[in-house]
Amino acid sequence: MPLRTVQGFRPRRLPMALAGALVLAAAAWALPAALRPAPLRPRPNILLIVLDTTRADRCSVIGHDRETTPGLAAFAADATVYTQAWSPAGWTAPAHASLFTGLRPERHGLWMGHRLFLDEAHTTLAERLAAAGYRTACFTANPVVSGEFGLIQGFEHVEGLHGTHAPRPPVAHRAHERLLKWTAGAGGPWFAFVNHMEPHLPYTPPAQHTARFLRPGTPAEVVTAMRAFGHPVTLAVCAGSRVLDAVERAALSDLYDAEIAGLDAQLTHLFDRLAARGDLDDTVVAVVGDHGENLGERGLVGHQFSLHRSVLHVPLIVRYPGVVAEGAREDALVRLEDVPPTLLELAGVGVPRDLDGVSLLRGVVGRVARAIQGPVADGTAHQLRVAGAGRDVRHLLTGQRSVFDGRHHLIQHADGRLELYDLEADPAETRNLARSHEGVARRLAASLPRYD
């Protein structure tokens with residue numbers, strides 16, 4: 001995204017000193033990292049927020065026809081909304097590893113079927129910012145974002161907010177309270193990371209949001225069952241031994257929307273409080289999903305066993321008034337791995353040249369999104385076979401790779417199956433074009449990520 005050139009940007013007159021600083025800074029970024037001068041604008045704070053398991057197409061700020069994210073829509077009035085952001089993985093660990101390193105999974109090595117931790121040889125965003133003088137903190141409701149998976153490298157302050165049986169929006173509230181307390185005493189520039197689990201199964205939104213989104217007439221017993229819906233029933237649905245009827249699917253979908261709306265309300269309170277104490281406009285804020293969720297498409301629920309658009313297309317909003325375009329929508333394809341170099345550049349910290357991601361300040365035309373999912377782990381494979389009650393589940397166990405060029409999405413399964421979709425004509429990916437468009441499939445296959 002070139003500075004202030006995205007469609008929809010509302011021009012804003014910059015102070016002469018700041019305008020001159022930005023011109024000089026742009027020239028400085030043409031130099032090798034080691035030769036770049038210190039940024040002429042004081043380094044901003046950085047707040048990176050992950051909306052775990054959030055589909056882009058279920059966020060009204062992206063285009064959902066139900067108002068799930070009015071708070072983020074208001075926030076985006078001073079930000080850029082990336083409507084085509086894609087994740088390189090379908091689950092938390094590899095997606096976060098890419099978000100923290102700027103590398104795709106086949107390069108950082110954390111993906112199912114290969115290695116289930118981020119090797120310390122890889123330098124994270126938190127480590128780079130800490131080396132540049134930033135205070136760093138991690139507030140996570142997801143137990144995967146932990147030392148066990150190697151995903152807290154570089155964070156001097158870590159708080160895990162998982163392991164509670166309380167409704168999760170209060171967990172989001174508690175995360176924000178701790179975030180605000182830590183940032184108030186951090187001193188100097190700070191980098192804070194927050195992971196929110198609200199849209200993750202089970203879907204247990206607050207009553208007021210459930211009432212807004214649940215369709216009238218939904219039987220109470222169905223609502224109760226869908227609020228408790230989770231593992232191992234999800235495996236039975238994916239295996240085909242448990243079929244959700246139309247009423248159950250609708251209730252599950254409504255509860256998912258309500259979860260997003262509940263989290264949106266919590267984020268609004270956080271942004272209001274940051275603004276009230278004068279910190280919001282001095283902070284680069286990036287809000288992003290790590291991956292999405294299947295809600296019955298192709299008989300799948302959750303985010304296992306799939307690299308479809310419902311799992312890879314995520315929300316992304318970046319706000320830094322006066323530098324990042326305000327009130328803008330960028331419809332070109334971008335990737336999770338582009339977020340770390342973007343934040344480093346906005347912080348005035350050198351961006352390594354060997355990253356897979358490219359700063360969003362460098363333009364976005366021509367990017368390609370790749371994703372990888374290794375074969376299902378033995379334990380999950382056994383549970384899936386049990387849940388399938390004798391059904392053939394081999395098609396769910398193989399690894400998958402995918403590539404998306406902004407229009408066509410190719411998914412190649414390790415057993416040789418191909419799926420090809422034209423997302424301009426078929427955004428729900430209902431018509432497999434692999435046989436009728438062999439040339440397109442062959443062209444995209446050359447860009448698939450490698451397993452080795």
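Let me start with the largest pocket, which holds about 800 Å³ of space, where a pocket, on a 1 Å grid over the protein atoms alone, is an open set of points with protein on both sides within 12 Å along at least five of seven lines, and lining residues have an atom within 4 Å of a point. The volume is the space filled by probe spheres set on the points, which are joined across faces, edges and corners. Of the 33 residues that line this pocket, Trp-91, His-200, His-231, His-303 and Gln-304 are the closest to its centre. The lining divides into 16 nonpolar residues, 16 polar and one charged, with Ala, Val, Leu, Ile, Met, Phe, Trp, Tyr, Cys and Pro counted as nonpolar, Asp, Glu, Lys and Arg as charged, and the others, Gly among them, as polar. Helix 9 (233-239) and strand 8 (301-302) each supply at least two lining residues, and helix 9 gives the largest share, three residues.

I should say at once that this is a predicted model, in which local features need pLDDT of at least 70 and side-chain atom pairs count only at pLDDT 80 or more, while totals for chains, interfaces and linings use all residues. Residues are numbered from 1 along each chain as its sequence is written, and side-chain values use heavy atoms, with hydrogens and water left out.

Turning to enclosed space, the search of the whole structure finds one cavity of 30 Å³ or more, a cavity being a set of points where a 1.4 Å probe fits but cannot get out. This cavity holds about 40 Å³, and its lining includes Leu-51, Thr-54, Pro-199 and Asp-264. Helix 10 (residues 246-276) contributes the largest share of that lining, four residues.

As for the protein overall, there are 15 helices and 14 strands, taken as DSSP runs numbered from the N terminus (helices H or I, at least four residues; strands E, at least two). Buried residues make up 59% of the 452 residues, buried meaning under 20% relative accessible area with a 1.4 Å probe, protein chains only.

Finally, the largest nonpolar core has 50 residues, and those with the most contacts inside it include Leu-48, Leu-151 and Phe-191; such a core is a set of buried Ala, Val, Leu, Ile, Met, Phe, Trp, Tyr and Cys residues joined through side-chain atoms within 4.5 Å. Among the elements giving two or more residues to this core are strand 1 (45-51), helix 3 (92-101) and strand 5 (190-196). A second, separate core of 36 residues includes Ala-76, Leu-267, Phe-271 and Ile-317.
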